[in-house]
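Please read the points below with the model open beside you, and check each one against the picture as you go.

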Amino acid sequence: MFTQFMLISLACLGICIPVCVAATKRTMPITVEDAKVLWTLHKQNSRCRCKNWSLLKPKKDKVNGFICECGFKYTQKKPIIS
Ligand SMILES: [Zn+2]
């Protein structure tokens, strides 16, 4: 029983990790200035009055979005070319 559970868990991880990696790869880095502009736009669009926000940094030198104090999360994604 326990072994089966372990195998299922491992199988799930095996599926989840590549999916997560693929999702991360689809995000596009933006500059801090871009994030600031986007946050200002979010505040205007949703009449958000929050004063705090933080940058989403998957890597030290890369920004790919921001998260607002209100819970709004923005991630820059590459446009899908079909
Ligand atoms: Zn907000």
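1. In this predicted model, strands E1 and E2 are paired in the antiparallel sense, and four bridges join them. One of the residues to look for is leucine 55, whose bridge partner in E2 is phenylalanine 66. As general background, the strands of a sheet pair through backbone hydrogen bonds, and such pairing may be parallel or antiparallel.

2. On to the next pair: E2 and E3 are also antiparallel, and here the pairing runs over three bridges. Phenylalanine 66 appears again, with tyrosine 74 as its bridge partner in E3, while isoleucine 67 stands opposite lysine 73 of E3. The hairpin made by E2 and E3 has four residues between its strands, and within this hairpin glycine 71 takes a positive phi near 105°.

3. Taken together, the three strands form an open sheet in the order E1-E2-E3, with antiparallel pairing. Which strands stand at the edges of this sheet? They are E1 and E3 (residues 73-75), and each has a single partner strand, so one side of each is left without a neighbour in the sheet. Neighbouring strands of the sheet are turned against each other by 15° on average, if direction is ignored.

4. The sheet should also be viewed together with helix H2, which lies across E1, E2 and E3 and runs at about 40° to E2. The length of H2 can be checked with a short calculation: the helix has 14 residues (32-45), and at 1.5 Å a residue, counted over one less than the number of residues, it should span 20 Å. The C-alpha atoms at its ends are 20 Å apart, which agrees with that expectation.

5. After H2 comes arginine 47, which deserves a careful look, with its positive phi near 50°, a value it takes although it is not a glycine. Arginine 47 is placed in the loop between H2 and E1. Is this residue buried or exposed? Arginine 47 has 7 other C-beta atoms within 10 Å, and a residue counts as exposed if that number is 12 or fewer, so arginine 47 is exposed.

6. A second loop residue worth finding is proline 58, which sits between strand E1 (53-56) and strand E2 (65-68). Proline 58 has 12 other C-beta atoms within 10 Å and is therefore exposed, since the limit for that class is 12 or fewer. In sequence, proline 58 and threonine 27 are 31 residues apart, yet in space their C-alpha atoms are separated by 9.8 Å.

7. Stepping back to the whole protein, the secondary structure consists of two helices and three strands, and along the sequence these follow the pattern α-α-β-β-β. Of the 82 residues in the protein, 7% are buried. Among contacts with a separation of 6 or more, 48% are between residues 24 or more positions apart.

8. Finally, please keep the confidence of the prediction in mind when you weigh these points. The mean pLDDT of the protein is 85, and 87% of the residues reach 70 or more. Where is confidence lowest, and where is it highest? The lowest confidence belongs to helix H1 (residues 2-25), with a mean of 75, whereas the highest belongs to E2, at 96.

Key. Residues are numbered from 1 along each chain as its sequence is written. This is a predicted model: local features need pLDDT of at least 70, side-chain atom pairs count only at pLDDT 80 or more; totals for chains, interfaces and linings use all residues. A residue is buried if 20 or more other C-beta atoms lie within 10 Å of its own, exposed if 12 or fewer, and partly exposed in between; C-beta atoms are placed from the backbone. Two residues are in contact if their C-beta atoms, placed from the backbone, lie within 7 Å. Two strands pair if DSSP finds at least two bridges between them. Axes are lines fitted to C-alpha atoms, for helices over the stretch in contact, and angles run from 0 to 180 degrees between N-to-C directions. pLDDT is the predictor's confidence in each residue, from 0 to 100.
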